[in-house]
Amino acid sequence: MKNIFSLLIVSLIMLSSCIKQDHIIFTNELVEFDATVLNTPATGKNFPILTRVPVYGSPVSTSNPSITRTSGTIKFRVNLAGPQFSTDQTIAYSVVTSETTAVAGTHYTTPGTLVIPANSSFGELVVNVLNPGVSSSTPVILVLQLEGNDQIKPSENYKRLGISISQL
């Protein structure tokens with residue numbers, strides 16, 4: 001019995017030493033919206049349209065504050081997927097005009113770039129929600145798209161984020 005047990009252990013060790021282990025090394029640096037990764041896409045879209053302010057690292061829930069014309073400054077986390085850089089990285093983003101009903105300077109302002117600090121995996125995209133002074137039952141939609149820079153590309157699956165700004 002002892003011999004069978006010993007033979008079994010030796011066989012398992014030999015088998016495990018013969019198994020080839022391939023390690024996947026991620027070499028492409030990408031940026032993505034944290035909120036897009038964590039929330040379900042809107043119907044007919046490949047990105048979510050948020051009605052509530054997201055908490056970093058968590059899906060939006062009904063306990064989060066609503067996004068309204070009086071929300072003021074809202075920050076959205078942008079994740080760096082890949083190795084960190086030893087220098088600050090300026091990431092460009094744009095407004096997707098074909099998907100956006102909000103008007104720049106009336107409903108929002110946003111700078112168009114964000115910074116991922118040196119030795120960090122996160123940056124913050126800032127949107128200043130403006131109060132146009134006129135209430136409406138129809139929300140306006142702002143859709144943002146990460147563009148990246150010459151070293152960091154946007155993730156094709158998580159580069160867009162929609163924001164629904166209630167006008168009530």
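A residue counts as buried here when its relative accessible area is under 20%. Keep that cut-off in mind as you move through this predicted model.

**The whole chain**

Start with everything shown as a cartoon. You should find two helices and 10 strands, arranged along the sequence as α-β-α-β-β-β-β-β-β-β-β-β. Of the 168 residues, 35% are buried. Switch on the surface next: the accessible area is about 9900 Å², and carbon and sulfur atoms contribute 57% of it. As for the contacts with a separation of 6 or more, 67% of them link residues 24 or more positions apart.

**First stop: N79**

Select N79, which sits in strand 3. Is N79 buried or exposed? Its relative accessibility is 8%, so N79 counts as buried. Now add D34 to the selection: the side chains of N79 and D34 are joined by a polar contact of 3.3 Å. To see the rest of the surroundings, show L30, V31, E32, S121 and F122, which, like D34, are in contact with N79 when neighbours within four places in sequence are set aside.

**Into the nonpolar core**

Next, display F76, L114, L125, V127, L144, L146 and I163 as sticks. These are the residues with the most contacts inside the largest nonpolar core, a set of 27 residues. Which strands each supply at least two residues of this core? Colour strand 1 (30-33), strand 3 (73-81), strand 4 (89-95), strand 6 (113-116), strand 7 (122-129), strand 8 (140-148) and strand 10 (160-165), and you have them.

Stay with L114 for a moment. Beyond the residues up to four places away in sequence, L114 touches V78, Q89, T90, I91, Y93, G123, E124, L125 and L146. Two of these partners, L125 and L146, are also on the list of residues with the most core contacts.

**Strand 10 and its partners**

Now select strand 10. Five of its six residues are buried, so the strand is largely enclosed by the rest of the structure. Bring in strand 2 (residues 49-50), which pairs with strand 10 in the parallel sense over two bridges. Within this pairing, put L50 and I163 on display: L50 stands opposite I163, and I163 is one of the residues with the most contacts in the core.

Then turn to strand 8. Strand 8 and strand 10 run antiparallel and are joined by six bridges. To mark a place along this pairing, pick V140, which stands opposite I165 in strand 10.

**A loop stop: S135**

Move to the loop between strand 7 and strand 8, where you will find S135. With a relative accessibility of 44%, S135 counts as partly exposed. Which residues does S135 contact, leaving aside its neighbours within four places in sequence? Select R69, Q167 and L168 to see them. If you draw a distance between the C-alpha atoms of S135 and R69, it should read 8.7 Å, although the two are 66 residues apart along the chain.

**Charged pairs**

Side chains of opposite charge can pair when their charged atoms come close. How many salt bridges are there in this model? The count comes to four, and three of them make good stops.

- Select E99 and K45: their closest N and O atoms are 2.7 Å apart. E99 lies in the loop between strand 4 and strand 5 (108-109), and K45 in the loop between helix 2 (34-38) and strand 2, so this pair ties together parts that are 54 residues apart in sequence. E99 is partly exposed at 23% relative accessible area, and K45 is partly exposed at 34%.
- Select E124 and K75: the closest N and O atoms of this salt bridge are 3.8 Å apart. E124 belongs to strand 7 and K75 to strand 3, so the pair ties together parts 49 residues apart in sequence. E124 is partly exposed, with a relative accessible area of 36%, and K75 is partly exposed at 39%. You have already met E124 as a residue that L114 touches.
- Select K159 and E156: here the closest N and O atoms are 3.1 Å apart. K159 is buried, with a relative accessible area of 17%, whereas E156 is exposed at 55%.

Methods
Residues are numbered from 1 along each chain as its sequence is written. This is a predicted model: local features need pLDDT of at least 70, side-chain atom pairs count only at pLDDT 80 or more; totals for chains, interfaces and linings use all residues. Side-chain values use heavy atoms; hydrogens and water are left out. A nonpolar core is a set of buried Ala, Val, Leu, Ile, Met, Phe, Trp, Tyr and Cys residues joined through side-chain atoms within 4.5 Å. Buried means under 20% relative accessible area, exposed over 50%, partly exposed in between (1.4 Å probe, protein chains only). Helices (H or I, at least four residues) and strands (E, at least two) are DSSP runs, numbered from the N terminus. Contact means heavy atoms within 4.5 Å. A polar contact is a pair of N or O atoms within 3.5 Å; within protein, one must be able to donate a hydrogen and the other to accept it, and residues adjacent in sequence count only if both atoms are side-chain atoms. Accessible areas come from the Shrake-Rupley method with a 1.4 Å probe; for residues, only the protein chains shown count as cover. Two strands pair if DSSP finds at least two bridges between them. A salt bridge is a side-chain nitrogen of Lys or Arg within 4 Å of a carboxyl oxygen of Asp or Glu.
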